[in-house]
Amino acid sequence: KPKLKVVFDQVGTPTYAMDLARAIVTVLNDYRHAELVSASVYTKSGVYHYSNEGVCSWYDFAHAIAHLAGHQQCCVQPCHSNEFPSKVERPPYSVLDKSKVKATFGIEIAHWYEALKECLEKVRDKHYDVILMDHEMPQMDGHRLTKLCKSDDTIKKIPLVIFSSLVNEEMKRKGELLGAD
């Protein structure tokens with residue numbers, strides 16, 4: 001059985017894009033309401049952090065995805081970050097403090113595992129029009145993930161877009177050959 005090694009010594013909190021979008025709409029609605037009520041300066045400006053609740057390692061996240069998706073094609077195994085040299089040094093702990101955004105806007109934030117379940121259900125039920133991903137990821141690049149997505153019967157017909165600040169013509173051609181849109 002093939003093995004997938006994923007780092008366990010880097011922890012953070014995944015962010016479900018739909019939850020982030022809902023939070024942004026809440027903030028924009030608050031701003032719009034304040035603008036209608038008063039012409040004075042908006043008092044809630046500042047820096048706000050958002051991600052889903054809870055903490056997990058990249059290994060925990062990959063393991064949860066495989067488990068919830070019912071994939072048993074490979075064995076997900078934990079490993080240390082130093083086993084995967086990267087161009088980017090990632091912090092071992094990158095959990096965001098969301099207390100300010102929750103208190104200021106009354107936002108309730110779902111736990112990452114519950115958000116992941118919702119996300120996978122929507123993908124499984126084909127509720128999404130596009131898969132959008134960054135090419136640079138900690139353990140797998142966008143080309144490898146594109147190949148996996150395009151070989152999965154449940155999602156292979158969903159248009160897939162890869163973005164990257166490091167894109168060049170060779171990367172673009174490879175992505176197109178693998179089925180990226």
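V161 counts as partly exposed, at 33% relative accessibility (buried means under 20% relative accessible area, exposed over 50%, and partly exposed in between, with a 1.4 Å probe and protein chains only). This is a predicted model, in which local features need pLDDT of at least 70, side-chain atom pairs count only at pLDDT 80 or more, and totals for chains, interfaces and linings use all residues. Residues are numbered from 1 along each chain as its sequence is written, and side-chain values use heavy atoms, with hydrogens and water left out.

**V161 and its surroundings**

- You will find V161 in strand β6, residues 160-163 (helices, H or I of at least four residues, and strands, E of at least two, are DSSP runs numbered from the N terminus).
- Setting aside neighbours within four places in sequence, V161 is in contact with V130, I131, L132 and M133 (contact means heavy atoms within 4.5 Å).
- P91 is 70 residues from V161 along the chain, and their C-alpha atoms are separated by 27 Å.

**A nonpolar patch**

- V161 joins V130, L132 and F163 in a nonpolar surface patch of about 350 Å².
- Patches are made of residues with over 30% relative accessible area and no salt bridge; like charges are joined within 9 Å, and nonpolar side chains (Val, Leu, Ile, Met, Phe, Trp, Tyr) within 5 Å.
- V130 sits in the loop between α4 (112-124) and β5 (131-134), and V130 is partly exposed with a relative accessible area of 42%.

**The chain as a whole**

- The protein chain has six helices and six strands, and along the sequence they follow the pattern β-β-α-β-α-β-α-α-β-α-β-α.
- Along its principal axes, the C-alpha trace of the chain spans about 60 × 35 × 35 Å.
- Of the 181 residues in the chain, 27% count as buried.
- The chain exposes about 12,100 Å², and carbon and sulfur atoms supply 57% of that area (accessible areas come from the Shrake-Rupley method with a 1.4 Å probe; for residues, only the protein chains shown count as cover).
- Among contacts between residues at least 6 apart in sequence, 82% join residues at least 24 apart.

**Salt bridges**

- Side chains of opposite charge can pair when their charged atoms come close.
- The structure holds eight salt bridges (a side-chain nitrogen of Lys or Arg within 4 Å of a carboxyl oxygen of Asp or Glu).
- One of them pairs E83 with K5, whose closest N and O atoms are 3.1 Å apart. E83 lies in the loop between β4 (75-79) and α3 (99-105) and K5 in strand β1 (residues 3-7), so this pair ties together parts that are 78 residues apart in sequence.
- E83 is partly exposed at 36% relative accessibility, and K5 is partly exposed at 37%.
- Another bridge joins K44 to D30, with the closest N and O atoms 2.9 Å apart. K44 is in the loop between α1 (17-37) and β3 (56-57) and D30 is in helix α1, 14 residues apart, and the pair links distant parts of the chain.
- K117 and E114 also meet in a salt bridge, at 3.3 Å from N to O. These two are separated by about one helical turn because they are three residues apart in helix α4.
- D19, R22 and E118 are joined into one network by salt bridges that share partners.

**Towards the end of the numbering**

- K174 belongs to helix α6, residues 169-178, and K174 is partly exposed at 45% relative accessibility.
- The C-alpha atoms of K174 and Y48 are separated by 37 Å, with their places 126 residues apart along the chain.
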